[in-house]
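Work through the exercises below with the sequence and the structure open beside you. Each task is followed by a solution in steps.

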There are 4 protein chains.
Amino acid sequence: MSDLLGVAVLGAGHMGADHIRRLAHVVSGARVAAVADPDAGRAKEAVAGLDGVVVHTEVEAALAAPGVDAVLIASPGPAHEEALLAAFARDLPVLCEKPMVPGSAGALRVVEAEARLGRRLAQVGFMRRYDTEYRRLKSLLDSGRLGRPLMLHCTHRNVSSPPGFTSAMLIDSSVSHEIDAARWLLDQELTAVSVFRPRPASGAPEGLLDPQFVLFETAGGALVDVEVFVNCGFGYQVRCEAVCEQGSARIGEEHAMAVTAAGAASREVPDDYLVRFADAYDREVQAWVDATRRGRVTGASVWDGYASSVVAEAGVRALESGGRVTVELAPRPDLYAGVSR
Amino acid sequence: MSDLLGVAVLGAGHMGADHIRRLAHVVSGARVAAVADPDAGRAKEAVAGLDGVVVHTEVEAALAAPGVDAVLIASPGPAHEEALLAAFARDLPVLCEKPMVPGSAGALRVVEAEARLGRRLAQVGFMRRYDTEYRRLKSLLDSGRLGRPLMLHCTHRNVSSPPGFTSAMLIDSSVSHEIDAARWLLDQELTAVSVFRPRPASGAPEGLLDPQFVLFETAGGALVDVEVFVNCGFGYQVRCEAVCEQGSARIGEEHAMAVTAAGAASREVPDDYLVRFADAYDREVQAWVDATRRGRVTGASVWDGYASSVVAEAGVRALESGGRVTVELAPRPDLYAGVSR
Amino acid sequence: MSDLLGVAVLGAGHMGADHIRRLAHVVSGARVAAVADPDAGRAKEAVAGLDGVVVHTEVEAALAAPGVDAVLIASPGPAHEEALLAAFARDLPVLCEKPMVPGSAGALRVVEAEARLGRRLAQVGFMRRYDTEYRRLKSLLDSGRLGRPLMLHCTHRNVSSPPGFTSAMLIDSSVSHEIDAARWLLDQELTAVSVFRPRPASGAPEGLLDPQFVLFETAGGALVDVEVFVNCGFGYQVRCEAVCEQGSARIGEEHAMAVTAAGAASREVPDDYLVRFADAYDREVQAWVDATRRGRVTGASVWDGYASSVVAEAGVRALESGGRVTVELAPRPDLYAGVSR
Amino acid sequence: MSDLLGVAVLGAGHMGADHIRRLAHVVSGARVAAVADPDAGRAKEAVAGLDGVVVHTEVEAALAAPGVDAVLIASPGPAHEEALLAAFARDLPVLCEKPMVPGSAGALRVVEAEARLGRRLAQVGFMRRYDTEYRRLKSLLDSGRLGRPLMLHCTHRNVSSPPGFTSAMLIDSSVSHEIDAARWLLDQELTAVSVFRPRPASGAPEGLLDPQFVLFETAGGALVDVEVFVNCGFGYQVRCEAVCEQGSARIGEEHAMAVTAAGAASREVPDDYLVRFADAYDREVQAWVDATRRGRVTGASVWDGYASSVVAEAGVRALESGGRVTVELAPRPDLYAGVSR
């Protein structure tokens with residue numbers, strides 16, 4: 001365990017550059033061994049100041065570079081499927097940013113490919129599973145102290161949406177976090193989804209159905225409701241209340257420093273997820289590095305990535321049809337027994 | 001304004017006896033002038049220690065008693081319609097406990113009767129409109145400071161339900177409070193309702209669909225969701241978060257004294273509504289007495305009572321059918337322009 | 001108990017007028033029977049709209065007026081001693097606003113006069129004893145659930161001080177509330193006091209030592225510290241944390257509606273004590289009316305008024321000397337065994 | 001910056017072993033190059049599983065070991081002075097756990113030694129400066145948004161004290177954290193101290209004066225009060241409220257997950273500082289490694305270590321004498337202009 005884990009990072013954009021910084025300067029036990037990006041200039045900028053990192057424009061070249069022990073995929077979603085299959089072919093452990101693969105058909109091909117290998121190589125980057133508050137909630141639910149979970153009430157608010165954000169993306173990009181979190185917290189698959197559409201906020205871009213109210217049903221008879229509001233303007237808030245048979249628990253409430261001034265006692269609400277979930281990204285990558293160095297694979301599986309994309313697709317259909325849509329999953333390979341932790 | 005308002009109280013059960021105590025010992029400017037209850041013994045017990053209160057077994061006799069200036073109806077729901085019409089016939093101001101009349105058909109007859117009078121005589125006892133926190137929220141929404149309301153997220157939890165409580169009563173008895181509160185807060189009629197049914201909590205009586213998750217749509221394009229859970233076991237909680245275009249506001253959060261002991265910082269959650277809404281009842285009756293002595297009628301109207309019962313009936317049909325049910329109101333008489341404050 | 005208690009109100013200034021309104025329109029079971037104020041015009045204005053209230057310029061005339069059963073003293077402090085002794089002479093129950101008597105010498109004369117009567121007639125208006133949160137804290141401490149109290153940490157902040165407010169008044173006017181509250185909560189006399197003086201806030205009037213930090217020692221070995229800051233500018237805050245052997249409890253924290261907007265989750269801080277303690281005044285007067293109609297005297301005694309003034313005088317000497325000053329009380333008459341509840 | 005910083009860790013006890021784990025597995029950019037502990041067995045256990053770490057029993061041998069670029073001192077306090085001077089002699093950057101040196105005389109010798117070098121080599125391990133909440137408070141105070149700080153109200157509670165903990169250690173071990181935090185937050189020296197002693201809690205060991213209430217005065221006219229209670233039994237709590245001219249700010253309040261069950265809404269209070277300040281230790285060591293690799297020295301200086309020990313000694317004298325004790329510092333070398341950040 002004394003050697004550093006050599007990581008090939010695929011993609012040197014916003015997310016990739018951040019992971020390069022994280023591997024080089026934040027987490028312990030890893031080093032950046034290679035970087036691949038079609039834009040070589042961008043890749044070189046991302047590794048400035050790091051010794052001995054060769055920059056490539058092709059994925060295959062980066063995976064084949066000397067000293068590469070594992071792969072972190074942070075390229076755009078459409079490139080993920082090919083990259084995952086290439087890593088599988090070389091028997092390299094992978095951490096793949098979400099969405100694992102755009103579209104459930106491609107996601108299913110990845111599941112089938114890993115299932116053929118007969119053992120897990122890939123972890124999908126659902127970072128909320130590494131957030132301190134979510135982990136406390138998971139641990140409380142797993143303890144059984146509050147009895148069976150009946151409902152999850154979730155809030156997902158962003159200050160504003162990026163250009164080009166569509167009504168469907170409120171579900172398949174934003175709510176996809178709640179989809180994975182709900183599956184993980186409840187250890188149950190989601191079986192149906194309905195989407196309600198209030199009259200859009202005047203602060204939302206023309207034509208965007210924002211906010212939306214999404215309601216999932218689960219295999220165990222629980223409900224999961226999500227308010228998603230991506231142009232709320234007033235702060236980034238991710239909250240979750242689990243209502244159980246003997247009590248309820250909430251995370252994501254405002255906390256930390258309380259300032260009393262000018263007739264009000266107030267607590268800051270962060271602007272974006274990089275503030276709220278900064279530690280979760282660090283913990284996720286550290287956990288992946290630690291597990292990989294021990295030859296283990298933990299965290300969200302490609303089955304989780306596949307199931308999330310099927311649910312998100314059903315959600316988009318429910319948004320479009322205005323009705324309730326059931327979720328149909330392919331049979332789950334034995335490799336992924338249970339919803340993974 | 002110097003004379004005390006003489007009130008005939010109809011019904012001397014749990015609620016009636018409490019109102020008799022309130023009129024005699026808590027609010028200013030009123031006195032109990034007569035009481036009617038079919039059970040004369042119960043009525044006598046309720047007025048023990050009060051001077052000059054004659055007890056009757058018939059409503060008409062109580063209304064005709066000397067010194068009666070106004071009527072407070074606290075008898076069982078099925079007796080309300082006749083009592084309201086009798087008060088209208090004698091031109092007596094009325095405060096009528098909820099439900100105004102069981103069933104929307106009877107409620108509509110009361111609306112039509114008052115509309116024929118051409119002026120309001122009756123106030124319906126939706127006491128949340130007198131709760132300090134609800135009033136603050138109403139005042140904030142009316143101020144426009146947060147922009148247009150988009151969603152109300154409501155929680156309604158009771159420790160346990162009384163014997164005989166049915167699945168329909170979660171809606172037409174419990175959620176009826178949220179129905180009125182939503183109409184009042186938003187100043188909009190509710191237009192459709194869907195009911196989702198998680199697998200019942202193991203603490204709920206056999207056969208009771210508890211909890212439920214109820215979702216209303218409004219005339220102005222807002223959504224109102226309500227978690228109703230009447231056998232939660234862990235405390236009485238009534239919460240409401242209004243999500244608006246420029247901010248959100250929450251009421252009903254735990255507050256008051258925080259005790260830190262044995263590894264936890266905790267705040268008490270009350271057992272029932274009598275603790276949580278004690279002041280609201282006092283304020284409601286005081287406001288009714290004050291207005292009546294000035295010859296005015298304020299508060300929730302019989303139209304509000306009627307509209308609430310139509311929405312609740314639609315809710316029960318949605319619960320039974322599992323689908324979305326639209327709300328159909330009779331034309332609103334001019335006397336009730338706007339949702340009343 | 002059916003007749004209304006006829007109250008003579010002495011003083012028709014700000015506080016007196018408010019009590020007249022309260023007796024006439026808020027509390028149950030009382031009526032204003034007479035009012036005395038040297039300024040007859042002001043008195044007439046205060047009783048406008050009330051039937052049958054005769055206005056006097058002399059205290060004696062008001063006490064002798066027909067229908068007077070009890071006295072509420074709301075005149076300026078220097079007039080209190082004479083008014084109390086006059087009420088004692090006529091055997092009338094009294095509610096006397098704080099300060100009971102300015103200066104401990106006069107306060108002691110009142111104690112001795114009532115002690116000679118051999119029974120209590122007077123209650124002193126320390127209204128915090130009627131605040132819901134203080135009562136909960138008192139009840140928790142009395143329960144012994146948290147063990148023996150070791151320290152009270154108190155905060156007393158006002159937006160701004162009225163004209164003419166002196167450095168000594170931070171103690172004998174503002175902190176006097178904490179002096180009584182501490183004696184009542186702990187059921188112990190205060191035995192010594194030290195005053196620390198930070199460099200004054202720039203928002204304080206020239207020459208005013210504001211804020212101050214006052215530290216009391218008690219007969220039972222507890223400490224009571226008070227931050228008093230009467231020109232804080234940012235809100236009215238009265239907080240108290242009791243630290244006990246097995247836990248701590250806090251009251252006066254911000255609560256009620258939480259508004260999230262513009263990057264902050266905030267709760268309103270009230271401007272003044274009339275908002276924070278509005279209910280406490282109502283409850284105090286209602287409790288006094290109820291007890292008096294039953295022929296009982298409850299609440300803070302004149303001994304409490306005396307002890308508070310002795311402690312406040314010691315505090316002012318500690319402020320002036322910069323050192324620790326011990327508190328010397330006269331022997332306590334048997335009539336006032338224990339610190340009264 | 002590509003080579004890992006080789007750190008010699010002095011001391012392999014509880015704290016030393018934790019730092020070895022942190023350098024090896026948590027922070028980025030460092031490796032353990034040598035360890036010294038008189039107990040070689042303990043040292044070997046602490047480095048089990050780490051490659052190429054030589055264990056020594058002598059400080060000098062560890063400092064002279066190949067690959068040592070910097071020193072982390074985690075040995076018992078009495079060994080610190082010699083270790084610091086040895087590191088200075090070899091021109092090695094140092095992170096020294098608190099207390100820097102027991103007793104102000106030795107601390108002054110360290111200051112003088114570094115001042116003779118003419119540049120800073122050492123950082124003292126006051127880890128609260130790296131806690132997220134403290135940093136937010138510091139940043140708010142430095143911004144001037146709330147005006148000049150007038151008072152700090154601090155709470156320092158431990159569940160229980162270790163065996164052998166003395167009354168003086170409440171000040172020179174526990175409150176020493178608040179001494180440094182106050183100097184840092186206010187950017188002012190502390191000039192006088194008074195200690196008040198409530199009757200000890202029955203849960204405190206026989207003879208231990210616990211709790212204590214400590215009051216500091218500062219060069220800028222502010223006050224700092226500290227409740228220190230090391231056998232409170234109910235949880236570990238470190239809180240700080242800064243009261244400024246235009247507002248107040250609080251940190252250390254209970255936060256994170258709120259659980260509502262059995263009639264109470266509660267938030268967990270941690271057992272000890274390792275939970276509350278876990279991240280602060282990680283951040284401190286990461287910041288030290290990062291700065292050292294860049295050839296810089298940041299964080300608390302040996303002057304801060306010296307000043308803290310002088311203030312703590314004055315506090316212990318105040319505890320013993322019952323009176324106010326002024327703080328006398330040696331002249332500050334130019335190297336340490338200002339209270340360091």
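**Exercise 1.** State how many salt bridges are counted between chain D and chain B, and describe the interface between these chains.

Solution. The model is predicted.
Step 1. Between chain D and chain B the count of salt bridges is zero.
Step 2. The count of residue pairs in polar contact between chain D and chain B, both at pLDDT 80 or more, is also zero.
Step 3. Two strands of chain D, β13 (258-261) and β14 (264-268), each supply at least two residues of the side that touches chain B. The largest share of that side, five residues, comes from β14(D).
Step 4. Sorted by type, the residues of this side of chain D are six nonpolar, four polar and three charged.
Step 5. Counting contacts, 13 residues of chain D meet 13 residues of chain B.
Step 6. The area buried between chain D and chain B is about 1100 Å², and 54% of it is on carbon and sulfur atoms.

**Exercise 2.** In which sense do strand β14 of chain B and β14(D) pair, parallel or antiparallel?

Solution.
Step 1. Strand β14 of chain B covers residues 264-268.
Step 2. This strand pairs with β14(D) in the antiparallel sense, over five bridges.
Step 3. One of the facing pairs can be located in the model: Ala264(D), in β14(D), stands opposite Glu268(B).

**Exercise 3.** Find the rotation that superposes chain D on chain B, and explain how the two copies are related.

Solution.
Step 1. Chain D is superposed on chain B by a rotation of 180°, with 0.0 Å of shift along the axis and an RMSD of 0.0 Å.
Step 2. The two copies are therefore related as by a two-fold rotation axis.
Step 3. Among the residues of chain D, the C-alpha of Ser266(D) comes closest to this axis, at 1.9 Å.
Step 4. Both copies use the same surface, since 100% of the contact residues of chain D recur in chain B.

**Exercise 4.** Repeat the comparison for chain C and chain D.

Solution.
Step 1. A turn of 180° and a shift of 0.0 Å along the axis lay chain C on chain D, with an RMSD of 0.0 Å.
Step 2. Of the interface residues of chain C, 100% are also interface residues in chain D, so these copies meet through the same surface.

**Exercise 5.** Which residues does the salt bridge of Arg119(A) join, and what parts of the chain does the pair tie together?

Solution.
Step 1. Over all chains, a search of the whole structure finds 80 salt bridges.
Step 2. In one of these, Arg119(A) is paired with Asp91(A), and the closest N and O atoms are 2.1 Å apart. The cut-off is 4 Å.
Step 3. Arg119(A) lies in the loop between α5 and β6 (122-125) of chain A, and Asp91(A) in the loop between α4 (80-89) and β5 of chain A, so the pair ties together parts that are 28 residues apart in sequence.

**Exercise 6.** Locate the backbone features at Pro99(A), Pro99(D) and Asp187(B).

Solution.
Step 1. In chain A, the peptide bond from Lys98(A) to Pro99(A) is cis, with omega near -5°. Pro99(A) is in the loop between β5 (94-97) and α5 (104-117) of chain A.
Step 2. In chain D, the bond from Lys98(D) to Pro99(D) is cis, with omega near -5°. The loop that holds Pro99(D) runs between β5 (94-97) and α5 (104-117) of chain D.
Step 3. Asp187(B) is not a glycine, yet has a positive phi of about 60°. Its place is the loop between α7 (169-186) and β8 (190-196) of chain B.

Technical notes: Residues numbered from 1 in each chain as written. Chains lettered and ligands numbered in written order. Predicted model: local features only at pLDDT ≥ 70, side-chain atom pairs only at ≥ 80, totals over all residues. Heavy atoms only, no water. Contact = heavy atoms within 4.5 Å. Buried area = accessible area lost by both parts, 1.4 Å probe. Salt bridge = Lys/Arg side-chain N within 4 Å of Asp/Glu carboxyl O. Polar contact = N/O pair within 3.5 Å; in protein donor to acceptor, adjacent residues only side chain to side chain. Helix = DSSP H or I, 4+ residues; strand = E, 2+ residues; numbered from the N terminus. Nonpolar A, V, L, I, M, F, W, Y, C, P; charged D, E, K, R; others polar. Pairing = 2+ DSSP bridges. Least-squares fit on C-alpha atoms with pLDDT ≥ 70 in both.
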